[in-house]
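Q: Please take a close look at how the nonpolar and aromatic side chains pack in this model. Describe it in one connected account.

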Amino acid sequence: MCIKLKSTTPLSKVIPVLSRLRVLPALLFSVVLLAGGSTPAVGQSSRPAASIPAGRPADKLSFRPVDPSNPSAFEHFYNLDYDRAVQDFDQVLRRHPDDPFAVNHLLTAVMFRELYRMGVLDTGEYANDSFVGAQHRLPDPKAQQQIKDLVQRALRLEEDRLNAKPNDVDALYARGVTRAQFSTYTALVEHAWFSALRNAVGARHDHERVLELSPATTEAKLIVGTHNYVVGNLPWGVKAAVSMVGLGGNTEKGLKYLQECAAGNGETSIDARILLVLFLRRERRYAESLQLVRGLVESYPRNVLMAVEEGNLLHASGQDPEAAAVYRKVWQAGREGRYAGLHYEIAALGLGELLRGQKDFTGAAAAYEMVNEVTQSDPDLLQKANLGAGEMYDLLQKRDLALKKYQAVIAAKGSTPAAESAKKFSKDPYKRD
C-alpha cells in the first residue's frame, strides 16, 4: 500500500501556473536538488551509514544491516572519490541484495559521479531560468540506464515491504530517499519537470509520514526541513501556488529541523550540516556557517568544494584578506597533490573574482591565468577563467592579450554564455559596469 499525496490539486494543473510565474526552474533546483540530500555548491553528499542505537540488537534493524565496507564507502564519497565509493557500495549491495538502503547508497554514488562528470553541479547556473537551456556534457547512456535500474530496484523492494506493512517506517523512509534522488536526476539530467516535482512531493510526504509514526527519526527531517526552508523563502504568490501540491513552508521550522538533524548521528547528519552551511550563509549568519564548514573540511580534507566554500563564506562576510588566504591555500594544496583528480582550479577562479571586486585587475588576471596551469582542468571553469582574464586585460589596456583569451573561449566549445560574451568583447572591448 502506497501513501497517497495529500494535495487535492493535480500537478498537471499546478505546473503551468508555476511556469507562468517563471519560478518553476528555480523552485525545482531548490526543492528537488536540495531535497535529494545533495549540495553542489559545497560538496555532493549521500546518506551516511546508519548507527545502531545503544541496546538495539542488530537483527531488529530491518533494512539497516551493519557492513564493514560502509564506513570507507562514505569516507570516499564525502571526499569526492566517487569511483571508490561506487565500488564499495556495490560490494555492500552484493552482500545485502534485498536492502533498499544499500540500493539507495549505490544509486546516490552513481548518480552524483555522473552529475559531477557532466558539470551539472554548478549552482551559479541556477540563479535564473537560463539553466533550463544550459549546455552540459551529455549524460552517459550506460550511467542513465544504471540509475533508472537502481531506482526501480529500490522501489520494488520498498513497495513490497509497504504492501505487507503500510506503516513500516524503514520502508517509508527508504522510499522517500529513492524518490528524492530520482527527482534530482530527472530535473538536472532530463529536465523532466513533471516527474521531478511529483517525486519531490512524494519524498516529502513519505518523510512526513515517517515523522508522524516515529518522531525520534531525525534523519527524516532533512527533506522536510529543506522543503520548509526553501518554500518559506518564496514570494507570497509563488508560495500559494506551491501549497497547491502540498509543499508548505516555514523558514524557522526548516532551520530548526536541519539543526536537529545535524546534531544527530543518523543517516542525514552530514547532509544537514552541508545544507545549513548554505542556508545560514543566505541568512547572513556567517559565523555559524563558518564553524560548520570548518568542521566539514577537517572531517573530509580531500573535499575541495568544502575547502573553497570556506573562502566563499569569508568573502561574503567581508573578510577578503582571509578569504584570499584560503583560496591560495587550497590552490597550493592542489598543486601538491591533495586533491588529485579533483578540480581544485575553482580556488583560482574564486581568487580572481575576489581580486576583481577589489579592482586589482592585474592580480585578478594572474589568478584567472592560474587555471591554465592545471592539467585536464574542467572545460567550463577554464572557459570562465579565460573570459575573466580577457576582461581584465581589456581593463588594463592590453588588447592583444585580451583577444587571445577571447579566442580561446570561443574555440573551446559551442554557444555558451561565456562564448557569447567572448564574441561580443572580441568586437568591442570589455568595459567595467
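A: Outside its neighbours within four places in sequence, Val 330 touches Val 304, Ala 307, Val 308, Tyr 339 and Ala 347, contact being heavy atoms within 4.5 Å. The model is predicted: local features need pLDDT of at least 70 and side-chain atom pairs pLDDT 80 or more, while totals for chains, interfaces and linings use all residues. Residues are numbered from 1 along each chain as its sequence is written, and side-chain values use heavy atoms, without hydrogens or water.

Val 330 is among the residues with the most contacts inside the largest nonpolar core, together with Phe 89, Val 304 and Tyr 339; this core has 85 residues. Such a core is a set of buried Ala, Val, Leu, Ile, Met, Phe, Trp, Tyr and Cys residues joined through side-chain atoms within 4.5 Å, where buried means under 20% relative accessible area (1.4 Å probe, protein chains only). Helix 5 (residues 100-118) contributes the most, eleven residues; helices are DSSP runs of H or I, at least four residues, numbered from the N terminus.

A separate core of 13 residues includes Tyr 229, Val 230, Leu 258 and Leu 275. Tyr 229 is buried, at 2% relative accessible area, and Phe 279 is buried at 5%.

The structure has eleven aromatic pairs, meaning Phe, Tyr or Trp rings (for Trp the six-membered one) with centres within 6.5 Å, stacked under 30 degrees between planes, edge-to-face over 60 and otherwise tilted. Tyr 229 and Phe 279 are stacked, with centres 4.2 Å apart and planes at 20°. Because Tyr 229 is in helix 9 (residues 221-232) and Phe 279 in helix 12 (residues 269-282), the pair joins parts 50 residues apart in sequence.

Technical notes. Buried < 20%, exposed > 50% of the residue type's maximum accessible area, 1.4 Å probe, protein only. Helix = DSSP H or I, 4+ residues; strand = E, 2+ residues; numbered from the N terminus.
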